[in-house]
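Colleague: Before I take any of these labels on trust, could you walk me through how each one is earned?

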Amino acid sequence: MLRITISIPQASRSCPARKGRIAIIGGGYTGAITAYLLAQRSHENLASITVFEPRETLGAGLAYGSGDLDLRLNVAAHRMRAVPGVPTAFFKWLEDNSRLSTDPASITRGGTFSRRRDFGLFMNDLLKPLIEAGQIAHVRQYVTEVQRNRSSWSITRSDGRVDEADTLIIATGHASPKIPDQIPASLVRSRRCIPADRLDAAISEIAPAESVLVLGTGLTALDVVASLKTHGHTGPIHLMSRSGLLPRPHASGDFAPHGVFETTDATARGLLRQVRSLVAETERNGLPWQSVMDALRHQGQAIWTQLPEPEKKRVLRHLRRIYEVHRFRMPPQVEALLDKQGSSPIDVSRGRLERVRDVNGKLEVQVGRPMGQGNTPLEVDRLVIATGPDAANMLDYQTLLRSMRDSGHLVPNALGLGIACDAHCRAVSSAGVPQASLLIAGPLTRGTFGEITGVPEIAAQAAAIADMVIRQASVSTRTIAISG
Ligand SMILES: Cc1cc2nc3c(=O)[nH]c(=O)nc-3n(C[C@H](O)[C@H](O)[C@H](O)COP(=O)(O)OP(=O)(O)OC[C@H]3O[C@@H](n4cnc5c(N)ncnc54)[C@H](O)[C@@H]3O)c2cc1C
């Protein structure tokens with residue numbers, strides 16, 4: 001008997017779609033916007049759209065789930081183009097929900113910098129009608145394991161139940177920061193050393209007068225400062241990182257991105273040369289350097305994908321930090337907080353963590369400083385780890401991803417930036433083969449796309465994924481038996 005597999009467009013088939021069960025693991029912004037677009041664009045042609053997310057609502061995730069009202073978006077609200085095709089959706093939600101009047105502190109010289117929590121509420125309002133109408137199922141469970149069957153995926157949740165899906169989208173987002181080896185586990189258990197993503201739960205234990213060392217000087221470290229200040233912190237706060245560089249401020253007013261980057265000189269050095277020359281030209285024309293960084297961000301994916309592998313490594317080694325401090329800028333409210341030192345001093349320094357130990361109830365932190373800056377240990381009450389997600393070990397930090405690596409379905413990106421996938425977001429297996437029914441979404445795909453952290457870039461990727469999944473599902477695969 002000869003078996004032939006043919007593809008028949010859904011319109012002409014008589015049996016129900018066999019590829020229409022879509023499961024998304026992770027319901028932060030990435031998983032939520034992907035589910036939303038699948039529901040909107042498939043016109044109910046998919047058999048099911050299920051999002052596995054233990055949090056109460058979809059769309060909040062790590063970035064927009066904190067109840068801390070002083071944590072603000074780090075870009076102006078009108079730039080949060082969260083819904084493809086409706087660029088003003090979030091700003092309109094702010095207006096419709098009176099946020100511009102009830103949160104006057106959001107309005108600054110650089111635009112409206114809303115509370116992050118409000119963006120999470122906006123996403124919840126976007127998704128809620130679709131969940132209530134049964135178009136999207138939100139399963140409030142953690143996924144612990146996924147196995148491949150002949151033509152589908154078996155998804156095991158933390159309550160032990162198993163669901164089946166034809167297409168699986170991994171949107172598990174940010175890993176926790178890596179706890180430096182120099183920090184004894186006992187200090188983490190006793191909450192004297194606190195990973196920044198667990199600060200919400202531990203902050204009430206930090207007495208206002210305690211001294212705090214924050215490891216890291218990026219936006220997460222500034223979030224820690226904002227949270228401590230909101231809780232009335234008066235003690236000294238030290239921020240320290242290897243570069244000692246803080247995110248730069250936003251420029252006042254509205255301006256368009258400026259500059260076109262040539263991809264013909266696809267080297268790290270060439271890129272730096274172009275940025276410098278465009279910044280000089282832009283400033284001569286009275287525009288801020290921020291407009292060049294915005295152009296670089298917009299063209300970031302095209303530039304990154306053109307760079308040969310060794311040049312990507314050079315960018316990561318030599319330009320990454322300098323890019324990040326200009327690209328991920330601090331909200332004006334945080335800038336004001338740093339300017340207004342008041343009774344609680346904040347100092348920012350360069351240094352490398354060498355050792356942490358408990359000495360008579362204090363943390364003695366030995367720091368490697370640049371030459372000539374001495375090496376007297378710091379004595380503090382708490383240490384907060386705000387070094388950013390551990391993207392290099394993305395597959396190690398949770399059972400699900402570890403098991404999918406062990407089964408060969410997932411491999412780390414070769415540059416240490418998340419999970420390996422191709423230009424269509426298909427996960428590349430350990431055999432080097434892209435898997436059409438296993439997709440990776442959001443910042444996990446940074447190795448392939450480069451610039452894929454902010455909401456507008458994730459939104460555009462989610463739209464491409466949704467269209468591809470809908471196209472795939474509308475082609476039903478049938479096996480016909482021919483006797484001979
Ligand atoms: C603190 C912070 C502030 C930011 N601010 C801005 C900003 O102002 N503007 C902007 O454009 N961008 C901002 N970003 C960037 C961007 O919006 C985020 O990167 C984006 O939200 C990523 O969302 P995500 O869903 O991929 O990841 P996450 O937000 O990390 O969400 C992943 C979700 O997956 C769930 N999950 C994980 N594992 C499992 C599992 N096994 N089973 C089920 N569920 C699982 C988690 O519970 C989590 O809710 C910010 C990012 C951060 C971290």
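Modeller: Here is how the labels are earned, one by one. This is a predicted model, where local features need pLDDT of at least 70, side-chain atom pairs count only at pLDDT 80 or more, and totals for chains, interfaces and linings use all residues. Residues are numbered from 1 along each chain as its sequence is written, and side-chain values use heavy atoms, with hydrogens and water left out.

Colleague: Fine. What makes Thr-282 count as buried?

Modeller: Buried means under 20% relative accessible area, exposed means over 50%, and partly exposed is in between, with a 1.4 Å probe and protein chains only. Thr-282 has 0% relative accessibility, so it counts as buried. It is found in helix α9, residues 268-284; helices are DSSP runs of H or I with at least four residues, strands are E runs of at least two, and both are numbered from the N terminus.

Colleague: And which residues does Thr-282 touch?

Modeller: Leaving aside residues up to four places away in sequence, Thr-282 touches His-258, Leu-287, Pro-288, Ser-291 and Val-292. Touching is contact, meaning heavy atoms within 4.5 Å.

Colleague: Why is Asn-360 called exposed or buried, whichever it is?

Modeller: Its relative accessibility is 78%, so Asn-360 counts as exposed. It sits in the loop between β15 (352-359) and β16 (362-368), and has a positive phi of about 50° although it is not a glycine.

Colleague: What about Cys-425, buried or exposed?

Modeller: Cys-425 has 4% relative accessibility, so it counts as buried. Phi of Cys-425 is near 70°, a positive value in a residue other than glycine, and its loop runs between α14 (399-406) and β19 (426-428).

Colleague: Where is Gly-27?

Modeller: In the loop between β2 (21-25) and α1. Its relative accessible area is 0%, so Gly-27 is buried. Its contacts beyond four places in sequence include Val-51, Phe-52 and Glu-53.

Colleague: What makes something a nonpolar core?

Modeller: It's a set of buried Ala, Val, Leu, Ile, Met, Phe, Trp, Tyr and Cys residues joined through side-chain atoms within 4.5 Å. The largest one has 75 residues, and Tyr-29, Leu-38, Phe-119 and Leu-168 touch the most other members. Helix α16 (residues 455-473) gives the most to this core, with 11 residues. Apart from it lies another core, of 26 residues, among them Leu-199 and Val-224. In soluble globular proteins, nonpolar side chains tend to be buried together.

Colleague: Now the ligand. Which residues around it come nearest?

Modeller: Thr-30, Glu-53, Tyr-64, Asn-74 and Gln-398, out of 34 residues around the ligand. A residue is near if one of its heavy atoms lies within 4 Å.

Colleague: How do you know that His-174 makes a polar contact with the ligand?

Modeller: A polar contact is a pair of N or O atoms within 3.5 Å; within protein, one must be able to donate a hydrogen and the other to accept it, and residues adjacent in sequence count only if both atoms are side-chain atoms. An oxygen atom of the ligand is 2.9 Å from an N or O atom in the side chain of His-174, so the pair qualifies. A ligand nitrogen is also 2.9 Å from an N or O atom in the side chain of Gln-398.

Colleague: How much of the ligand does the protein bury?

Modeller: Taken alone the ligand exposes 1,000 Å², and the protein buries 91% of that; areas come from the Shrake-Rupley method with a 1.4 Å probe, and for residues only the protein chains shown count as cover.
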